[in-house]
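I'm keeping this notebook while I click through the structure. Each entry is something I looked up.

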Amino acid sequence: IVNLSSPLPNIVGGQGTLTIDGSGQHILISGGNTVQVMIVDPGANLTLKKLTIANGSSSTDGGGIYNSGTLTVMNVTFSGNVTTNNKDGGGIYNSGTLTVTNVTFSNNTADGFGGGIANFGTLTVMNSTFSGNSANIIGGGIYNATGATLGITGSTFSSNSANFDGGGIFNVGGTLTVMDSTFSNNSANSNG
């Protein structure tokens with residue numbers, strides 16, 4: 001377990017592709033319910049494999065990760081990450097290019113939009129699970145913003161919730177494609 005007292009150093013652009021691979025180990029990076037775990041800057045390219053990002057907390061966007069670069073996530077778990085102060089993206093806030101494959105988002109919370117992921121860029125989701133995520137406003141599992149692109153294949157959304165709209169997914173003017181996916185027990189209270 002890696003317990004952070006401050007966020008990891010920013011992943012910066014111009015360094016080529018960085019890969020963090022936890023294969024064969026049990027790596028959990030924890031924000032300790034006090035700090036954001038990671039920031040990926042514009043122009044940066046990061047791949048994460050086989051680890052857990054948990055208990056990140058941010059009063060800005062992205063409780064677990066704030067991505068404005070290129071981020072590829074494979075066989076990773078995001079659990080218990082939160083945003084406060086009406087901010088978006090409990091697990092991940094994406095304004096760049098994000099690809100998630102075989103990833104679990106569980107019990108992440110956004111005080112604003114997108115309990116699991118808030119997408120303002122390009123997001124591809126494959127064979128992943130969103131369970132028990134919540135948003136104080138809209139998009140319990142995923143929020144997809146105006147002008148954003150979201151493609152989902154072979155994924156499961158269960159027991160996600162939002163206080164207003166979009167328990168599983170809320171798409172507002174973005175491009176959304178969903179194939180071969182399952183939605184169950186997601187909830188939203190459109191009356192507030």
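Entry 1, the open sheet. I looked for the strand order and got eight strands, β1-β3-β6-β10-β14-β18-β22-β26, in an open sheet with parallel pairing. The ends of that row are β1 (2-3) and β26, which have a single partner strand each, so one side of each is left without a neighbour in the sheet. Strands here are DSSP runs of E at least two residues long, helices are runs of H or I of at least four, and both are numbered from the N terminus. Two strands count as paired if DSSP finds at least two bridges between them. My textbook reminder: strands of a sheet pair through backbone hydrogen bonds, either parallel or antiparallel.

Note to self on the model. It is predicted, so local features need pLDDT of at least 70 and side-chain atom pairs count only at pLDDT 80 or more, while totals for chains, interfaces and linings use all residues. Residues are numbered from 1 along each chain as its sequence is written, and side-chain values use heavy atoms, with hydrogens and water left out.

Entry 2, one pair up close. I zoomed in on β3 (residues 28-30) and β6 (residues 52-54), which pair in the parallel sense over three bridges. Ser 30 has Ala 54 in β6 as its bridge partner.

Entry 3, the whole chain. How many helices and strands are there in the chain? I found zero helices and 27 strands. The radius of gyration, taken over C-alpha atoms, is 15 Å, which agrees with the value near 16 Å for a compact globule of 192 residues; that rule is 2.2 Å times the number of residues to the power 0.38. The C-alpha trace spans about 45 × 30 × 30 Å along its principal axes. I also checked contacts (heavy atoms within 4.5 Å): of those between residues at least 6 apart in sequence, 80% join residues at least 24 apart.

Entry 4, following Thr 97. Thr 97 lies in β13 (residues 97-101), and β13 runs parallel to β17, joined by five bridges. The bridge partner of Thr 97 in β17 is Thr 122, and Thr 122 in turn has Thr 149 as its bridge partner in β21. Five bridges also join β17 to β21 (residues 149-153), again running parallel. Leaving aside neighbours within four places in sequence, Thr 97 touches Asn 67, Gly 69, Thr 70, Leu 71 and Thr 122. Asn 67 is 30 residues from Thr 97 in sequence, with 7.9 Å from C-alpha to C-alpha.

Entry 5, the faces of β17. Which side chains of β17 (residues 122-126) are buried? Leu 123 and Val 125 are, pointing to one face, while Thr 122, Thr 124 and Met 126 point to the other and are not. Buried means under 20% relative accessible area, exposed over 50%, and partly exposed in between (1.4 Å probe, protein chains only). Over the chain, 46% of the 192 residues are buried.

Entry 6, odd backbone angles. Asn 75 has a positive phi of about 55° although it is not a glycine, and it lies in the loop between β9 (70-74) and β10 (77-79). Ser 159 has a phi near 60°, also positive without being glycine, and it sits in the loop between β22 (156-158) and β23 (161-162). Why does Ser 159 count as partly exposed? Because its relative accessible area is 40%.
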